[in-house]
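Colleague: I would like a close look at a single part of this model, the third helix along the chain and the loop that follows, in one connected account. Please begin with the terms you use for surface exposure, and bring in other places where they help to complete the picture.

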Amino acid sequence: MFSIKKNFALYFSRSPIPFCRDAQRRDEWLKLGVYYKHIGIYVYKRNSLFKFVNLKTSKLEELEKLEQLRAIENGMRIKVVITDKDTIGVDTFSDIENVVSILKQKTSF
């Protein structure tokens with residue numbers, strides 16, 4: 001989730017945010033809001049990268065398993081950009097195998 005006005009991240013989650021308390025079912029909840037998929041391409045200024053890698057794992061990072069929360073909890077800002085391009089998530093070895101398979105299909109003649 002982010003502030004549209006300035007395009008800085010407010011929070012990251014593996015669950016849709018914000019949570020719509022008044023929706024009875026998940027499909028209703030998702031229809032009520034605007035949700036974005038996180039792609040995760042990072043660019044750091046040199047001093048920011050050194051600061052980040054020296055920070056201790058934060059509580060929110062431990063809960064969500066998202067390192068971006070470590071930066072946010074420590075006052076670092078993360079600029080976000082909206083795109084209409086979709087990507088395939090790569091979080092596991094089987095995800096890598098899936099991407100390799102897709103690339104082989106797209107590059108075969």
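Modeller: A residue is called buried when its relative accessible area is under 20%, exposed when that area is over 50%, and partly exposed when the value falls in between. By this scale N7, with a relative accessible area of 22%, is partly exposed. Please keep in mind throughout that the model is predicted.

The part you ask about begins with helix α3, which covers residues 59–64, and I take its charged residues before the others. A search of the whole structure finds one salt bridge, and that pair consists of R70 and E61, whose closest N and O atoms are 2.7 Å apart. Both partners are covered by the protein: E61 counts as buried because its relative accessibility is 9%, and R70 is buried as well, since its relative accessible area is 12%.

E64, which lies in helix α3, presents another case. The residue is buried yet has no salt bridge, and the nearest side chain of opposite charge, that of R14, is 5.5 Å away. A salt bridge requires a side-chain nitrogen of Lys or Arg within 4 Å of a carboxyl oxygen of Asp or Glu, so the pair formed by E64 and R14, at 5.5 Å, does not qualify. What the side chain of E64 does have is a polar contact with the side chain of Y11, at 3.0 Å.

L63, also found in helix α3, counts as exposed because its relative accessibility is 70%, whereas E64 is buried. L63 also relates the helix to a distant stretch of the sequence: L63 and S13 are 50 residues apart along the chain, while their C-alpha atoms are 9.6 Å apart in space.

Beyond the helix comes K65, in the loop between α3 and α4, and this residue counts as exposed since its relative accessibility is 57%. Its backbone deserves attention, with a phi near 60°, a positive value in a residue other than glycine. Most residues other than glycine have a negative phi. N7 can be set beside K65 here, since phi of N7 is near 55°, again a positive value in a residue that is not glycine; N7 is found in the loop between β1 (2–3) and β2 (8–9).

For context outside this part, two surface patches may be useful. K6, K45, R77 and K79 gather on the surface in a patch of positive charge; one of them, K79, sits in the loop between α4 (68–73) and α5 (93–107) and counts as exposed because its relative accessibility is 54%. A nonpolar patch is formed by Y42, Y44, L49, F50 and V53, with about 460 Å² of accessible area together. Of its members, L49 belongs to helix α2, residues 46–53, and is classed as partly exposed because its relative accessibility is 38%.

Finally, P18, placed in the loop between β2 and α1 (26–32), is likewise assigned to the partly exposed class, since its relative accessibility is 40%. P18 and Y36 are 18 residues apart along the chain, and 11 Å separates their C-alpha atoms.

Technical notes
Residues are numbered from 1 along each chain as its sequence is written. This is a predicted model: local features need pLDDT of at least 70, side-chain atom pairs count only at pLDDT 80 or more; totals for chains, interfaces and linings use all residues. Side-chain values use heavy atoms; hydrogens and water are left out. Patches are made of residues with over 30% relative accessible area and no salt bridge: like charges are joined within 9 Å, nonpolar side chains (Val, Leu, Ile, Met, Phe, Trp, Tyr) within 5 Å. Accessible areas come from the Shrake-Rupley method with a 1.4 Å probe; for residues, only the protein chains shown count as cover. Lys and Arg count as positive and Asp and Glu as negative; His and the chain ends are not counted. The place of a charge is taken as NZ of Lys, CZ of Arg, CG of Asp or CD of Glu. Helices (H or I, at least four residues) and strands (E, at least two) are DSSP runs, numbered from the N terminus. Buried means under 20% relative accessible area, exposed over 50%, partly exposed in between (1.4 Å probe, protein chains only). A polar contact is a pair of N or O atoms within 3.5 Å; within protein, one must be able to donate a hydrogen and the other to accept it, and residues adjacent in sequence count only if both atoms are side-chain atoms.
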